[in-house]
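Good morning. I have one model to go through today, and I will keep to what can be read from the coordinates. Please have the sequence and the structure open in front of you.

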Amino acid sequence: MKNKIISTLILAAQLADDMKDINKRVIGEKSDVVTQGDIEIGNLMIRELLGQTSNIIVESEEQGKQRNFQEGEEDYYIVIDDIDGTNNLRVGNGLLPYGSIIVIFDGKNKSRR
């Protein structure tokens, strides 16, 4: 799982770099800035994480909860923020901090949630 998380974050960073123009376009009228880049990076992260053989729930700030199993308990509960600092990315020309965040909870230890 550790290697998958690292490779997913690398893919997300590469996609964010490739999508500088898309990350400037705001979608909707939420209080937080959401760009097409948020959606596309979120889709990539969710697809990569749910492609595992473990029972996984992924909760995204932009897209809610998704799972890769129908029955039973999750092995991992993963919370992601596709681009934390979207507005920094949108207006900062790479000078302000932004990044993707992944938090993983062991599904067997529900007391931590």
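I will go from the overall chain to the sheet, then to the helices, and then to a few single residues.

First, what kind of model this is. It is a predicted model. The mean pLDDT over the chain is 81, and 82% of the residues reach at least 70. Confidence is not even across the elements: strand β1, residues 56-60, has the highest mean, at 94. The lowest mean belongs to helix α3, residues 86-91, at 77. As a general caution, where pLDDT is low, the predicted coordinates should not be read in detail.

Now the layout. The chain contains three helices and four strands. Read from the N terminus, the order of elements is α-α-β-β-β-α-β. Of the 113 residues, 30% are buried. The exposed area of the chain comes to about 6800 Å², and 47% of that is supplied by carbon and sulfur atoms. For those who think in contact maps: taking contacts between residues at least 6 apart in sequence, 46% of them join residues at least 24 apart.

Next, the sheet. In what order do the four strands lie in the open sheet? The order is β2-β1-β3-β4, and the pairing is mixed. β2, residues 64-67, and β4, residues 99-106, are the edge strands; each has a single partner strand, so one side of each has no neighbour in the sheet. From one strand to the next, the twist averages 20°.

Take β1 with its two partners. A hairpin of three connecting residues leads from β1 to β2. These two strands pair in the antiparallel sense, over four bridges. Within that pairing, V58 is opposite Q66 in β2, and E59 is opposite K65 in β2. With β3, strand β1 pairs in the parallel sense, over five bridges. E59 turns up again here, this time opposite V79 in β3. Is β1 enclosed or open to the outside? Four of its five residues are buried, so β1 is largely enclosed by the rest of the structure.

On to the helices. Helix α2 lies across β1, β2, β3 and β4, and it runs at about 155° to β3, residues 76-84.

How many salt bridges does the structure hold? There is one. It is formed by the side chains of K4 and E48, with an N to O distance of 2.6 Å. K4 belongs to helix α1, residues 2-18, and E48 to helix α2, residues 36-50, so to speak of the pair is to speak of distant parts of the chain, 44 residues apart. K4 is partly exposed, because its relative accessible area of 21% is not under the 20% that would make a residue buried. In general terms, side chains of opposite charge can pair when their charged atoms come close.

E48 also appears in the surroundings of a second residue of α1, namely T8. T8 is in helix α1, and at 0% relative accessibility T8 counts as buried. Leaving out residues up to four places away in sequence, T8 touches L44, M45, E48, L49 and I102.

Two residues of the sheet remain. I80 sits in strand β3. I80 is buried, with a relative accessible area of 2%. With the same exclusion of residues up to four places away, I80 touches G42, M45, I46, L49, V58, E59, S60, E61, I101 and I102. One of these, S60, is 20 residues from I80 along the chain, and their C-alpha atoms are 5.0 Å apart.

R67 is in strand β2, and R67 is partly exposed, with a relative accessible area of 45%. Not counting residues up to four places away in sequence, R67 touches L50, I56 and I57. Between R67 and I78, which are 11 residues apart in sequence, the C-alpha to C-alpha distance is 10.0 Å.

To recap: an open sheet of four strands in the order β2-β1-β3-β4, helix α2 lying across those strands, and one salt bridge, between K4 and E48. That is where I will stop.

Technical notes: Residues are numbered from 1 along each chain as its sequence is written. This is a predicted model: local features need pLDDT of at least 70, side-chain atom pairs count only at pLDDT 80 or more; totals for chains, interfaces and linings use all residues. Side-chain values use heavy atoms; hydrogens and water are left out. A salt bridge is a side-chain nitrogen of Lys or Arg within 4 Å of a carboxyl oxygen of Asp or Glu. Buried means under 20% relative accessible area, exposed over 50%, partly exposed in between (1.4 Å probe, protein chains only). pLDDT is the predictor's confidence in each residue, from 0 to 100. Contact means heavy atoms within 4.5 Å. Accessible areas come from the Shrake-Rupley method with a 1.4 Å probe; for residues, only the protein chains shown count as cover. Two strands pair if DSSP finds at least two bridges between them. Axes are lines fitted to C-alpha atoms, for helices over the stretch in contact, and angles run from 0 to 180 degrees between N-to-C directions.
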